[in-house]
Amino acid sequence: MAEAAPSGRARGGAILKSYLVSWLRRQHAGTGVEAFARERPGEWIVWEAGPWRPPTPMKETLHADDLRVAWESGESLAILLAPRPGRAEVRLGRASDNDVVIDDATLSRSHLAFVRDAAGRWTVRDLGSSNGTRVGGVRMGAAPAVLEAGTAVQAGAVRLTFYDAAGLYLRLKGAR
């Protein structure tokens, strides 16, 4: 079976891999969790489908509660967390120099960073964003938060969910 090339863009010699969740669900309909984890190893963030707030011409950050400019989006996107070579973090924000670029007006130019700590666990830290970051519904302070499979992260009004490969598999199978 031929596999569609993942969407992605080169960034410092590495390709950011991302897949529509619906595509992953179809591709792995008959596979088990072990086979899925072998084919799609690593940790993932899913950018949840929901309202999108396109940036204004002035590119200022909008307040996260401002829904009058929201457009509805349709599909969730699974993004492999893989730092650039020589780095331990994956940065997310609106600016083009981030590892994960989401052009939503409620995100700051550099909003948050996913960081692998010394113990090998993924953490998230806010980078001084205007609208803040929530982990499990709680607004973050200055300290990084450790991520467990299924943890919800909200950056501005952008909703993300962190998964390991087994957790993403369960999400695809509808077990969330």
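In the protein chain, residues 24 or more positions apart account for 55% of the contacts that have a separation of 6 or more. The model described here is a predicted one, and the secondary structure of its protein chain comes to three helices and 16 strands.

**Burial and surface**
- The protein chain has 176 residues, of which 44% count as buried.
- About 8900 Å² of the protein chain is exposed, and carbon and sulfur atoms supply 54% of that area.

**Helix H3**
- Helix H3 covers residues 165-172, and because six of its eight residues are buried, this helix is largely enclosed by the rest of the structure.
- The buried residues of H3 are Ala165, Gly167, Leu168, Tyr169, Arg171 and Leu172.
- These buried residues pack against two helices, H1 (21-27) and H2 (33-39), and also against the strands S4 (43-47), S7 (77-80) and S16 (158-164).
- Just after H3 comes Gly174, which takes a positive phi of about 90°.

**A sheet of five strands**
- Strands of a sheet pair through backbone hydrogen bonds, and this pairing is either parallel or antiparallel.
- One open sheet here has five strands in the order S9-S8-S10-S11-S14, and its pairing is mixed.
- At the edges of this sheet lie strand S9 (100-101) and strand S14 (145-146), each of which pairs on one side only.
- Strand S8, made of residues 89-93, pairs with S9 in the parallel sense over two bridges, and Leu92 stands opposite Val100 in S9.

Terms used. Residues are numbered from 1 along each chain as its sequence is written. This is a predicted model: local features need pLDDT of at least 70, side-chain atom pairs count only at pLDDT 80 or more; totals for chains, interfaces and linings use all residues. Side-chain values use heavy atoms; hydrogens and water are left out. Two strands pair if DSSP finds at least two bridges between them. Helices (H or I, at least four residues) and strands (E, at least two) are DSSP runs, numbered from the N terminus. Buried means under 20% relative accessible area, exposed over 50%, partly exposed in between (1.4 Å probe, protein chains only). Contact means heavy atoms within 4.5 Å. Accessible areas come from the Shrake-Rupley method with a 1.4 Å probe; for residues, only the protein chains shown count as cover.
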